[in-house]
Amino acid sequence: MKKQPNILFIMADDHASKAISCYGYGINKTPNLDRIAAEGMRFNHCYVTNSICTPSRASILCGTYNHVNGVMTLESKINKHIPNVAKHLQTGGYQTAMIGKWHLGEGSEHEPSGFDFWSVLPGQGEYFDPELIEMGEHIQVPGYATEIITKKSIDWLKKTDNDKPFFLMCHHKAPHRSWEPHPKYRNSYTDDIKVPETFSDDYKNRAKAAKAAKMRVHGDITYFDLGLVQPEGGSEVGELAVVNSLVRKIPVPEDLSTFKLIDKDNGDVFTFKTQDELAHFKYQRYIKRYVRTIASIDESVGELLDYLDETGQADNTIVIYTSDQGFFLGEHGWFDKRFMYEESFQMPFLIRYPEGIKPNTVSNDILSNVDFAPTFLDYANLPVPNYMQGRSVRPVLEENTPEDWQDVAYHRYWMHSDEHHNAYAHYGVRNKRYKLIFWYNEGFDLPGTQPGGEEKEWELFDCDEDPLELFNCYNDPKYKDVVREMTFILDRKMLEIGDIPQHDINKTLASQ
């Protein structure tokens with residue numbers, strides 16, 4: 001009988017597809033990540049069910065939507081007693097490990113379960129000299145988080161029994177805010193990176209949520225985010241990032257004659273003559289710190305791939321690289337994620353399996369993060385339990401997409417009006433061309449939410465005609481039939497997965 005394949009699942013935090021060079025946007029270079037795509041398959045339409053760290057991780061681990069696994073917001077915690085894919089693989093003979101960022105809660109009721117070994121960062125974790133919780137014991141490890149996670153992953157792999165398959169979840173902290181690169185990469189990417197077309201978005205023709213969000217590079221980014229000295233003082237120095245915090249946002253002063261910013265690393269002083277010059281500086285500082293942080297991830301992936309080659313395990317190991325969600329790289333003027341707009345909604349997904357996936361292939365089929373767990377089990381030749389709501393993507397990977405393959409992706413962001421970003425709660429569906437979003441704007445007393453009550457709104461985007469998502473065409477008469485069709489698709493999807501609508505379909509359609 002053929003040995004079950006090893007599974008190496010590598011996940012970054014907030015890594016946008018545009019910042020992987022094989023996706024073709026030219027922002028940075030990631031040769032080792034590109035190698036996975038060149039030797040396997042790249043997905044162009046992989047989507048997250050809830051574009052925020054903790055809920056996405058729960059969906060990946062459990063194969064369920066957040067209203068089922070109970071991890072709905074960033075402040076939710078997983079119940080370690082519920083079933084997950086690691087437990088099923090462990091039962092099926094796999095050696096299992098979780099190393100790196102967990103972010104699903106701490107303590108005996110929320111720690112990783114289903115893993116023979118685990119060593120995880122508490123909370124968001126630190127980039128330098130991070131604390132880790134290793135099998136319940138708190139330790140501090142000197143060094144840089146990406147390198148530490150890589151070394152621990154390889155050390156664990158060296159201890160595995162070659163006669164049994166392994167399942168390793170290698171979860172990087174990087175490139176999560178505040179984008180702190182390894183010192184050896186601090187001086188890389190010196191040339192300016194192209195500013196996105198929508199950087200100066202005025203948020204017209206969209207729901208009010210877009211303008212209300214507090215995640216603008218020019219107005220909401222902090223001194224700490226950009227590696228700058230925060231001066232002493234109060235509100236004159238900048239608005240507090242959040243109540244009871246010491247961290248302040250970099251202001252946008254009308255008078256720039258005495259305004260200066262200072263680099264924490266080398267003491268360089270920056271002055272500005274115009275607001276445009278200051279905004280450009282903030283963007284370049286942000287995007288360069290971001291891609292410099294990614295450089296260490298690419299290096300890490302190269303080390304892991306080399307290890308598989310050196311040990312003769314490459315052919316029988318499924319290697320996946322993804323992120324817990326997408327990220328805004330200045331599009332619409334934003335950093336962060338949360339929204340169903342494309343840059344946040346789309347996840348990168350690269351997969352290599354020499355024994356089962358043709359090299360240099362690209363899929364435009366729709367994939368969701370709830371599909372990951374069933375896919376692992378399918379390749380492991382283990383039954384997919386009926387509680388899982390995703391579907392194995394194996395036929396797509398074998399270039400045999402079923403006729404009934406899913407043609408929509410569903411997203412629901414529950415964490416209404418969080419204090420850091422003021423992102424409104426919404427849900428919606430996307431097919432290959434259209435995206436329908438309903439901003440229901442209620443918190444339901446979930447952890448980390450505000451009460452809500454803002455005006456409810458609908459958005460429809462034609463992703464072919466308007467790929468930048470600048471024009472809400474929900475009320476455009478020529479899209480009346482599309483609105484009707486997409487609303488039915490949304491309701492059918494919510495019924496299928498057991499989520500409860502906050503809109504009245506009959507009332508909605510009657511208004512069209």
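A crossing of two helices is called right-handed if the near helix is turned clockwise from the far one by less than a right angle. In this predicted model, helix α5 passes helix α8 in just such a right-handed crossing. The two helices, α5 spanning residues 145-159 and α8 spanning residues 275-310, pack with their axes 9 Å apart and at an angle of about 10°. Because angles under 35 degrees count as roughly parallel, α5 is described as roughly parallel to α8.

It is worth looking at the side of each helix that takes part. From α5, the contact draws on T146, E147, T150, S153, I154, L157 and K158, while α8 contributes S296, I297, E299, S300, E303, L304 and Y307. The character of this contact is mixed, with five nonpolar, five polar and four charged residues.

Attention now turns to a sheet. Four strands form an open sheet in the order β14-β15-β16-β17, and their pairing is antiparallel. The edges are taken by β14 (409-413) and β17 (457-462); each has a single partner strand, so one side of each is left without a neighbour in the sheet. On average, neighbouring strands are turned by 10° against each other, direction ignored.

Within this sheet, strand β16 (residues 434-439) runs antiparallel to β17 and is joined to β17 by six bridges. I437 has E459 of β17 as its bridge partner. The sheet also carries a helix: α12 (residues 480-497) packs on the sheet and touches β14, β15 (426-430), β16 and β17. The direction of α12 makes about 110° with that of β15.

Terms used:
Residues numbered from 1 in each chain as written. Predicted model: local features only at pLDDT ≥ 70, side-chain atom pairs only at ≥ 80, totals over all residues. Heavy atoms only, no water. Axes fitted to C-alpha atoms, helices over the stretch in contact; angles between N-to-C directions. Parallel < 35°, antiparallel > 145°, perpendicular 65-115°, else oblique. Contact = heavy atoms within 4.5 Å. Nonpolar A, V, L, I, M, F, W, Y, C, P; charged D, E, K, R; others polar. Pairing = 2+ DSSP bridges.
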